[in-house]
Amino acid sequence: MIDTLDLKILKVLEKNSRLSFAEIGRLVGLSPSATRERVQKLEEKGVISNYTVEINSRLLGYDIEAFISVKVFHGKLKSFLSVVGTYPEVKKAYRITGGQNVQLEIIAKDRLQLQRLIDKIMEYGDTLTQLILSEVEIDKEKTTYTISK
């Protein structure tokens, strides 16, 4: 069962997952050992599934970030889903509802790399590409998780 202290711990980890158990505990009012125990239980339950790092791809020379929506041709979905994960430009892929059925988040060094990727994808379906101009900062303090009863 998740309680309000667990939610506070999750909020702290969401902001900075590199904090020590002592620092997290100080922020939520627990001892380091109690914090460690709660975090481990959250991991065991699958509530915490991964700790990641956010990479600024532009500083690595990837000047293009985009979303590509794909309306996969009839009978090609299974083969597309098996191959899309092999494209190095694809950061994330989602099955979605609506007019398209797959949404890709991609990075590319330049327009030519983007064009080549789109050409590969077009073997499987129609595409709609939207270039990302900038990321809107979201105030994570306002994100609210509640406890189901």
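At what angle do helix α1 and helix α2 pack, and how far apart are their axes?

**Ground rules.** I am reading a predicted model, where local features need pLDDT of at least 70, side-chain atom pairs count only at pLDDT 80 or more, and totals for chains, interfaces and linings use all residues. Residues are numbered from 1 along each chain as its sequence is written, and side-chain values use heavy atoms, with hydrogens and water left out.

**Helix pair.** I looked up α1 (residues 4–15) and α2 (residues 21–28): they pack at about 125 degrees, axes 10 Å apart. Helices here are DSSP runs of H or I, at least four residues; strands are E, at least two; both are numbered from the N terminus. Axes are lines fitted to C-alpha atoms, for helices over the stretch in contact, and angles run from 0 to 180 degrees between N-to-C directions. α1 and α2 are therefore oblique to each other (under 35 degrees is roughly parallel, over 145 roughly antiparallel, 65 to 115 roughly perpendicular, the rest oblique).

I then listed the contact (heavy atoms within 4.5 Å). α1 gives Leu5, Lys8, Ile9, Val12 and Leu13; α2 gives Ile24, Leu27 and Val28.

**Cores.** I checked the largest nonpolar core (buried Ala, Val, Leu, Ile, Met, Phe, Trp, Tyr and Cys joined through side-chain atoms within 4.5 Å; buried means under 20% relative accessible area, exposed over 50%, partly exposed in between, with a 1.4 Å probe and protein chains only). This core has 19 residues; Tyr87 and Phe80 are among those touching the most other members. β1 (64–72), α4 (77–84), β3 (102–108) and α5 (111–121) each give two or more residues. β1 gives the largest share, 5 residues.
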